Amino acid sequence: MKKLKVGLNGLGRIGRAIFRINQQRQLFDLALINEAQQDAANLAYLLKYDSIHGVLPERIGFGSGHLSIEEQPIALSHCADIAEAPWREHEVDVLIDASGDARNPARLAAWRDFPGWTITTHAVSHPDIHTVVFGVNDKTFDPLSQRRLSSSICDTVALAPIAALLEQRFGIARGYLTTLHPWLGQQRLLDGPAVVAGADGLQSHFALGRSAVNNLIPKTTSAVKAADAVLPGLSQRLQALSYRVPTSIVSSAVLNVELKQAGSPQELSALLRYAEQKQHLPILRNSSDPLVSHDYLGSPYSAIVDQRWTEVQHERHARLLYWYDNEWGYSSRVVDLVALIARDGQP
Ligand SMILES: NC(=O)c1ccc[n+]([C@@H]2O[C@H](COP(=O)([O-])OP(=O)(O)OC[C@H]3O[C@@H](n4cnc5c(N)ncnc54)[C@H](O)[C@@H]3O)[C@@H](O)[C@H]2O)c1
């Protein structure tokens, strides 16, 4: 199997996590990094030293138009426009957009002449972009015919495999999801004007400008809406809200659902444990250990169900609590998607 050449647009939290995961797994060759920030020395420094994931043991360097790892150069460009970066020149097979630039998904969808695959790390509702969530639709994904892809968002990557299991076994009548997400880089240390445009109303708009380190900040979330791409109609039955919480890493969520068919906590646990046993990738894990968020730092799983909190009231009202490393777990699935393309996308 030929190693694919990957291009990475954006070397922020997710871009660097993808870099580190591939460094461990050596699944693809990184052919080009395009990053809007122009200071290669600073990019090399951030790649080497990370306050959450620690110091990268490899030697990281930089020079004119490149970064390097163990003296091996990786081409580096600084185009603000994804269309301008020299992906073709570097024979990129798979382009991962980890920039968060909202203009890029639509642009990637329109790139019919780009011979390779594109993956956006955004949740995208676009007819030409196919969303792949492991544990839900990865087995039916055909990389020979589907080349414009989305790996959705971390909250959906964690929710959807669990919701799919509940839907298949019991049916979900309706319910609520509450996610707790660590702060993100665009939030503020001290109160200020909201940096994130509030497309979803004043509450989330102004509140997101409040000090991230001092507050639990309730906000809307697209976690369930994004799951519609792989579980159509779920958002008609499930409502969600989120808190930005004053921690740097690892999310948690509480899913409360009314089941269509009666179930017991034992049946729910058995269903999730069976899914864990038969999977080939680290998608779902079950834990009964008395752990807290930081214990899940660096976990490659999409979601870890904390079975201590599994409950069913009157055989219908189920509650599940799960954890996920919003950077490492999510980025592990992006790398898995490249591996799937390498395995099934080459003649
Ligand atoms: N951080 C998370 O927990 C998380 C989890 C899942 C998905 N995501 C998604 O991943 C994407 C990136 O998020 P992040 O947390 O890594 O953000 P980030 O701000 O840490 O990184 C984004 C990087 O892209 C660069 N950039 C911005 N615009 C660019 C452009 N037009 N061209 C090239 N580079 C550009 C920025 O300079 C920055 O280095 C977003 O779409 C986000 O929704 C984030």
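In which sense do strand 8 and strand 9 pair, and over how many bridges? In this predicted model, strand 8 (residues 94–97) runs parallel to strand 9, and four bridges join the two. One spot to look at is V94, whose bridge partner in strand 9 is W117. The connection between these strands goes by way of helix 3 (residues 104–109), and the three elements together form a β-α-β unit of the right-handed kind.

Strand 9 (residues 117–120) has a second partner as well: strand 11 (residues 148–150) pairs with strand 9, again in the parallel sense, this time over three bridges. Here T118 is the residue to follow, since across from T118 sits R148 of strand 11. As for side chains, those in a regular strand alternate between the two faces of the sheet. Strand 9 can be read with that in mind: W117 and I119 point one way, T118 and T120 point the other way, and all of them are buried. W117, then, is both the bridge partner of V94 and a buried residue, while T118, also buried, stands opposite R148.

Stepping back to the whole chain, the protein splits into domain 1, covering 5–122, and domain 2, covering 155–326. Taken over C-alpha atoms, the centres of the two domains are 28 Å apart. What passes between them in terms of contacts is easy to list: four residues of domain 1 touch four residues of domain 2. On the domain 1 side, that set breaks down into one nonpolar, two polar and one charged residues.

The UniProt record, an unreviewed entry, puts a feature at residues 4–154 and calls it "domain: Glyceraldehyde 3-phosphate dehydrogenase NAD(P) binding". In the model, that span is 19% helix and 28% strand, and 24 Å lie between its end C-alpha atoms.

Over in strand 19 (residues 317–324), L321 makes a handy reference point. Is L321 buried or exposed? Neither label quite fits: L321 counts as partly exposed because 17 C-beta neighbours fall inside 10 Å, where 20 or more would be needed for a buried residue. Setting aside neighbours within four places in sequence, the contacts of L321 are S252, V254, D306 and W309. L255 also belongs in this picture, as its C-alpha atom is 6.3 Å from that of L321, although 66 residues separate the two along the chain.

Conventions
Residues are numbered from 1 along each chain as its sequence is written. This is a predicted model: local features need pLDDT of at least 70, side-chain atom pairs count only at pLDDT 80 or more; totals for chains, interfaces and linings use all residues. Domain bounds come from an automatic or database domain assignment. Two residues are in contact if their C-beta atoms, placed from the backbone, lie within 7 Å. Ala, Val, Leu, Ile, Met, Phe, Trp, Tyr, Cys and Pro count as nonpolar, Asp, Glu, Lys and Arg as charged, and the others, Gly among them, as polar. UniProt positions are given in the numbering used here, feature names are shortened, and annotations may be inferred rather than shown by experiment. A residue is buried if 20 or more other C-beta atoms lie within 10 Å of its own, exposed if 12 or fewer, and partly exposed in between; C-beta atoms are placed from the backbone. Two strands pair if DSSP finds at least two bridges between them. A crossover is right-handed if, with the strands pointing away from the viewer, the path from the first strand over the helix to the second runs clockwise.
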